[in-house]
Amino acid sequence: MLQQPAQHPAREGETYQALTEARRALVEEGKLLAKIYNEPAVFEMEKDNIFTKTWIFLAHETELPDPGDYVVRRIVGDSFIVSRDEHGEIHVLFNMCRHRGMQLCRVDSGNTSHFRCPYHGWTYRNTGKLNGAPFQKEAYGKDGLDKEEWAMTPAPAVGVYKGMIFASMNADVPPIEEYIGGMGWYLDFYLNKTPAGSEVIGAPQRWVLDADWKLAAENFFGDGYHTQSAHMSTIKAGIMRVKKAAYFKDGVQYKVGPHGGMFIPFKPGSFFNYPQDVVDGMRENLGADQFKVLEEDSILPLNATVFPNLSFLHSAMAVEPEGRSIPYLTIRLWQPLGPGKIEVWSWGVVEADAPEEFKEEAKRAYLTTFGASGTFEQDDAENWRSVTRVAAGEMADHHYLNYQMGLDHVEPIPDEEWPGPGTAYARNFADFAQQRFWRTYFEYLLGQ
Amino acid sequence: MLETSAETYWEVYEFLMREAELLDGHHEREWVELCTDDVVYRMPVRETRERGAGEGFNGQMYYFDETRGSLELRVRRLETEYAWAEDPPSRTRHFVTNIRVSSADAEEELAVRSNLLLYRSQGTELHQDLISAERRDVLRRSEEGLRLARREILLDHSVLTTHNLSIFL
Ligand code: FES
Ligand SMILES: [Fe+2]
């Protein structure tokens, strides 16, 4: 397991062969091998080649408003403490004592200037620096321990992008700004559309689901086609206030580097039902080209995935019967727990400078439609769980899934007509975005 | 410990049993009608905190934060033919114990605490889910009998071990 960052596993063996053929089928024929889901050998490769190579989201800065605040987060199997020190600096520290390896922090969040190890009592500052060890002179001689050498181990790479704290197990990962790249233009709508930016509301919801992380990631990457069936109940019940299920056909799908997402249309001039203060904030803070998309094209980014497992959702739904649609935001992390198993982390997010009354409404619009009890997310969970279950058998070794929608009859929007980076298509019933997810996936898994 | 008469206790007991029966029998419409128009139905997110730092309910984010209207919408959804998460339906069993009744602030109201163990299985899967919680309710007297005016569901989990909450607790 002591692998250099740039290496890939031996290019041999059954799994490697099968995946090479699976990539060919995707790229040349628009077909995905079902065995990609819920397969232990594939999951091992994902850990080595994806989750230890790319940037992984850990926390939003607004979860740590005060000096001393910390949260405990993971990158697959590795626990990290994300802390804010007394100078306001953020640190991401491997949650394992340097003495005998005790897990230093065993709670989800708190506020402290020091972490004290329960086992033998070494203490560390919230910067990671070793503060002291009990009976230091008696134990380690008159010079004691080298405080710098025996500091907590920081994550190999840390990056903050518009309030989002990422870490990577790969010290050679490109800087976070470079990794996000053109996706930043789209992420502004989620993170940075008003002067104060977005803030997390309270703590994340967390729940465990027997579903492969890729099903969730690719769905948020650009499955514009599932809403008319998977979420039909919400249209019928009046939660999603649209007349026809085909509504989702129109909009824009995009892919940009390893990331992607889609836009949905809204009633011209309604600004997605945002309160006037927020609309004014958007006019001030967004770029002219970004605001024009809202003002003139009347479309707005709905869902998006930052490769590999960080997704965003921006939607507007009714909370009360016959009520108006209320816009809201959520960020989620599809944290793999093993093959075919995830822990979902779901944060409610809101524009920090929005009126308090609106924040409260937006929170309820989020948690009644998304999150564990969400009237949308409940049905997504059912679909992803079922795919994961049937993919476990032997038939999936030779069972191919269709990724050909729109490929032969939809053309990209000409660059000069689309203000955002990457490639966009004026159609959400299409597989361009999800194809990008899978091509990126195979690139990481198998190398170029 | 009990601050009420045996008669009142019995009334509360019957209410909670009837409610559990309706939910386990998938009579969500009848269940929601046991809620007052101004019902507050909440299940806060719980975090693991150090012993001295409280119980981990931060009071800001919830799994449920419902009004009568939003509960109605959830029920309306279940009544469509497209509520996939509950088709086939969950098999649930609400085990309600440790019922404690005291008088609430308002005269016509009772403060009721109970423990809930919710068993859930679904489809042909071999595993079952359990959710454990304390419920803190306010029941209000009305002409039709007791009604649920407030419910706070305090989870014994910081990570939910069930795939979704397409059920009521
Ligand atoms: S393991 Fe932490 S002090 Fe010994
Ligand atoms: Fe969905």
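**View 1. Spacing of the iron donors in sequence.** The donor residues of the iron ion (ligand 2) follow the pattern H-x4-H-x148-D. Donors are N, O and S atoms within 2.8 Å of the metal (3.2 Å for Na, K and Ca); water is not among the atoms, so sites may look incomplete. His226(A) sits in the loop between α6 (213-222) and α7 (227-230) of chain A, and Asp380(A) in helix α12 (residues 377-390), 154 residues apart. Helices (H or I, at least four residues) and strands (E, at least two) are DSSP runs, numbered from the N terminus. This is a predicted model: local features need pLDDT of at least 70, side-chain atom pairs count only at pLDDT 80 or more, and totals for chains, interfaces and linings use all residues. Residues are numbered from 1 along each chain as its sequence is written, chains are lettered from A and ligands numbered from 1 in the order written, and side-chain values use heavy atoms, without hydrogens and water.

**View 2. Geometry at the iron ion (ligand 2).** His226(A) and His231(A) each donate NE2, and Asp380(A) donates two OD atoms, at 2.1 to 2.4 Å. Angles among the four donor atoms run from 56 to 153°, and the site is irregular (four donors are tetrahedral if all angles lie between 85 and 135 degrees; four are square planar and six octahedral if opposite donors are over 155 degrees apart and all others between 65 and 115; anything else is irregular). His226(A) and Asp380(A) are both buried (under 20% relative accessible area; exposed is over 50%, partly exposed in between; 1.4 Å probe, protein chains only).

**View 3. Elements of chain B.** Chain B holds three helices and six strands. Their order from the N terminus is α-α-β-β-α-β-β-β-β.
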